[in-house]
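Subject: Structure for you to look at, with notes on its pockets

Dear colleague,

I am passing on the structure we spoke of, and below it I have set down what turned up when its pockets were examined. Please keep it open beside you as you read.

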Amino acid sequence: MTNLTDLTLHVDPACPWAWLTSRWLSEVEKVRPVRVTTRLFILAEINRDQEQDERHVRFHQASETAMRVMVAARRAGGDIALASVYTELGEAHFERGGTLDDPAVLRRALGAAGLDPALVEAAAADPSIKEEMLAEHRA
């Protein structure tokens, strides 16, 4: 019996490098005894003290919207649900050009992951989600 190696992947849904790494690790999981757990990393927090142009502000706002949905997905279905929604959002954003704060994109991602699309509105309205995001980022 082969022991599994646990890996933690920290992602911001707007980060193309995290997206590429997640796709690579997804392939690794198919051929090696590896289990990947997805966790949140907030680029806006890292860049908080830097002057931001309008493009970066928009980038971070869209990312936060998507991240809120990812937290709601994890609350509804665990780590597997979060990873599934991240994959759906990444495909929509990086492969099809969708925006991460488009409610239709977010609803489709939730639906494709087998979750209730109404989590989009619930995530936006729940202030504890932002607190959970920040706590996870700081952990």
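A word on terms before the results: the helices named here are DSSP runs of H or I with at least four residues, numbered from the N terminus. Please also bear in mind that this is a predicted model.

The largest pocket holds about 250 Å³ of space. It is lined by 16 residues, and those closest to its centre are A44, E45, R48, H60 and E64. Two or more lining residues come from each of α2 (43–46), α3 (54–95) and α6 (127–138), and among the contributors α3 gives the most, with seven residues. In chemical character, the lining of this largest pocket comprises five nonpolar, six polar and five charged residues.

The second largest pocket encloses about 190 Å³ of space. Its lining is made up of L9, S22, R23, L25, S26, E29, V36, T38, A83, S84, Y86 and T87. Here α1 (16–31), β2 (34–40) and α3 each supply at least two residues, and the largest share, five residues, comes from α1. Sorted by class, the lining of the second largest pocket has five nonpolar and five polar residues, together with two charged ones.

If you want to follow one element through both sites, α3 is listed for the lining of the largest pocket and also for that of the second largest.

With best wishes

Notes:
Residues are numbered from 1 along each chain as its sequence is written. This is a predicted model: local features need pLDDT of at least 70, side-chain atom pairs count only at pLDDT 80 or more; totals for chains, interfaces and linings use all residues. Side-chain values use heavy atoms; hydrogens and water are left out. On a 1 Å grid over the protein atoms alone, a cavity is a set of points where a 1.4 Å probe fits but cannot get out, and a pocket is an open set with protein on both sides within 12 Å along at least five of seven lines; lining residues have an atom within 4 Å of a point. Grid points are joined across faces, edges and corners, and a volume is the space filled by probe spheres set on the points. Ala, Val, Leu, Ile, Met, Phe, Trp, Tyr, Cys and Pro count as nonpolar, Asp, Glu, Lys and Arg as charged, and the others, Gly among them, as polar.
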